[in-house]
Amino acid sequence: MGATIVEKIFSRKCGSDIRAGEMVMTPIDGAMIHDITGPLAIQKFYEMGGKHVFDPKRVIMLFDHQIPADSLEAAKNHVYMRKFAVEQGIHNYDINEGVCHQVVLEKGRAAPGEIVVGADSHTCMYGAVGAFATGIGSTDMGFVLKFGSLYFKVPETIRAEVSGKFQRRVGAKDLILAIAADIGADGATYQAIEFAGKTMAKMDMAGRMTCCNMAIEMGAKAGIVPPDKVTWDYMKGRRKMKPFDLASDEDAKFAEKRTYNVSDLEPQVAVPHNVDQGVPVGKVEGTHIDQVFIGSCTNGRYEDMAEAAEVLGKKKFSPKVRVLVIPASRDEYLKALEAGLIGKFVKAGALVEAPCCGPCMGGSFGLIAPGEVSLSTSNRNFKGRQGSTEGMVYLCSPATAAASAMKGEITDPREV
């Protein structure tokens, strides 16, 4: 019997043939902490008797959720983590680089075949480069910081085979919203989702990141795309690695296989208050919106901003809508700046912020009031996610966000 890509990764790391369902203590290639989860993870490290982290070079630290510090408590957390970084010899990206998940990939801190953990649920985004990446709690992270390994139950894999050609202004975000609606919020609990097929093979890295980022929204332990030329081209200059083959065998045992053809896929919108409530945009077209957020680790890359700018053209955003554009990282911000996109958004009426999580988790700025509606390119629309529990959050692609921001209501981007 062949093996899945996930089984192969665990087998490589453990030095033996490992299969789904087995419990294994596995060495960790990278461990990420940020300003929300990091302080508790550090506390747990000390409570376990930790004196030195397992490997300072494998610990990734940065601040992105509450930056610059928006409260006294946030400032104290930043100081606490800065002191820990100096004490342990850890490189701290601090507030300078952007959203953790984007930065980890940009800096080559996750790579094909590696096992990377992060004290954040959307760590699964690193699967875009063929890593097994998953979010863990702060207590588990404290253990990892001390020992450099962690127990895993190796997950089974759902294979999502994607074919077809996207329509104009339909893309990866629409695909993953449709997949989430099909699988359900808990349909992949503690399983991995392997995104495969001809359409995924042609998808750029930005799109792959979007898909893997939202695997957790179906309960998945990880999302992963088999590394190929797109992957290895992306890794050039980020890590010194020789390309190698890593893919599921044809006779591998999958928990299930699902097929998706994007040729007839329409722009999707996830309606409140669950990510798996995705519907074609036509079903909610005309819905009033108060705020549009284009950004987050899901859709804050240059490609996403370029998509929004293409829809915008030479027009302006509706004065009735607050439009927030937040690039996912310094690098993505600079790409957009050099391409003239930042100036274009500002002239159109948007507020462009420095790279950070922004309103995505409802803990910093850009929050919505009771009764207000946010249309967002981020990954979650739970009650209270972007402010008031009496507010409403809809999820969509950058193209749909831009079209809707222009009209002041949810709009099909193909009609703009």
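## The parallel sheet

In this predicted model, four strands, taken in the order S9-S8-S7-S10, make up an open sheet whose pairing is parallel. Its edges are formed by strand S9 (222-224) and strand S10 (256-261), each of which pairs on one side only, and the twist from one strand to the next averages 20°.

Within this sheet, S7 and S8 are joined in the parallel sense over 6 bridges, and one residue pair along them can be named, since Arg-159 has Glu-194 in S8 as its bridge partner. Helix H6 lies across S7, S8 and S10, and the angle at which H6 runs to S10 is about 135°.

## The nonpolar cores

The largest nonpolar core comprises 58 residues, and those with the most contacts inside it are Tyr-126, Leu-175, Ile-193 and Phe-195. Two or more residues are given to this core by helix H4 (100-106), strand S7 (156-163), helix H6 (172-183), strand S8 (191-196), helix H8 (205-213), helix H9 (229-235) and strand S17 (392-395); of these, H6 gives the most, with 8 residues. In soluble globular proteins, nonpolar side chains tend to be buried together.

Phe-195 shows what such a position looks like in detail: leaving aside neighbours within four places in sequence, its contacts include Ala-160, Ile-176, Ile-179 and Met-200, together with Cys-211, Cys-212, Gly-223, Ile-224, Val-225 and Pro-226. Apart from the largest core lies another, of 41 residues, among them Ile-67, Val-117, Ala-192 and Leu-324.

## Strand S14 and its partners

Strand S14 (residues 322-326) has 4 of its 5 residues buried, so it is largely enclosed by the rest of the structure. S14 runs parallel to strand S13 (residues 291-295), to which it is joined by 5 bridges, and the bridge partner of Phe-293 in S14 is Leu-324, a residue that also belongs to the core of 41 residues.

S14 also pairs in the parallel sense with strand S15 (residues 351-352), in this case over 2 bridges, and here Val-325 stands opposite Val-352 in S15.

## The largest pocket

The largest pocket has a volume of about 420 Å³. Its lining consists of 22 residues, of which Phe-166, Gly-171, Ala-172, Met-203 and Asp-204 lie nearest the centre of the pocket.

The elements that give two or more residues to this lining are H6, helix H7 (198-202), H8 and helix H11 (302-312). H6 and H8 are also among the elements that give two or more residues to the largest nonpolar core, and H6, in addition, lies across S7, S8 and S10 of the sheet described at the outset.

Conventions:
Residues numbered from 1 in each chain as written. Predicted model: local features only at pLDDT ≥ 70, side-chain atom pairs only at ≥ 80, totals over all residues. Heavy atoms only, no water. Core = buried A, V, L, I, M, F, W, Y, C linked by side-chain atoms within 4.5 Å. Buried < 20%, exposed > 50% of the residue type's maximum accessible area, 1.4 Å probe, protein only. Contact = heavy atoms within 4.5 Å. Pairing = 2+ DSSP bridges. Axes fitted to C-alpha atoms, helices over the stretch in contact; angles between N-to-C directions. 1 Å grid on protein atoms, 1.4 Å probe; cavity = no way out; pocket = protein on both sides within 12 Å on 5 of 7 lines; lining within 4 Å. Points joined across faces, edges and corners; volume = space filled by probe spheres on them.
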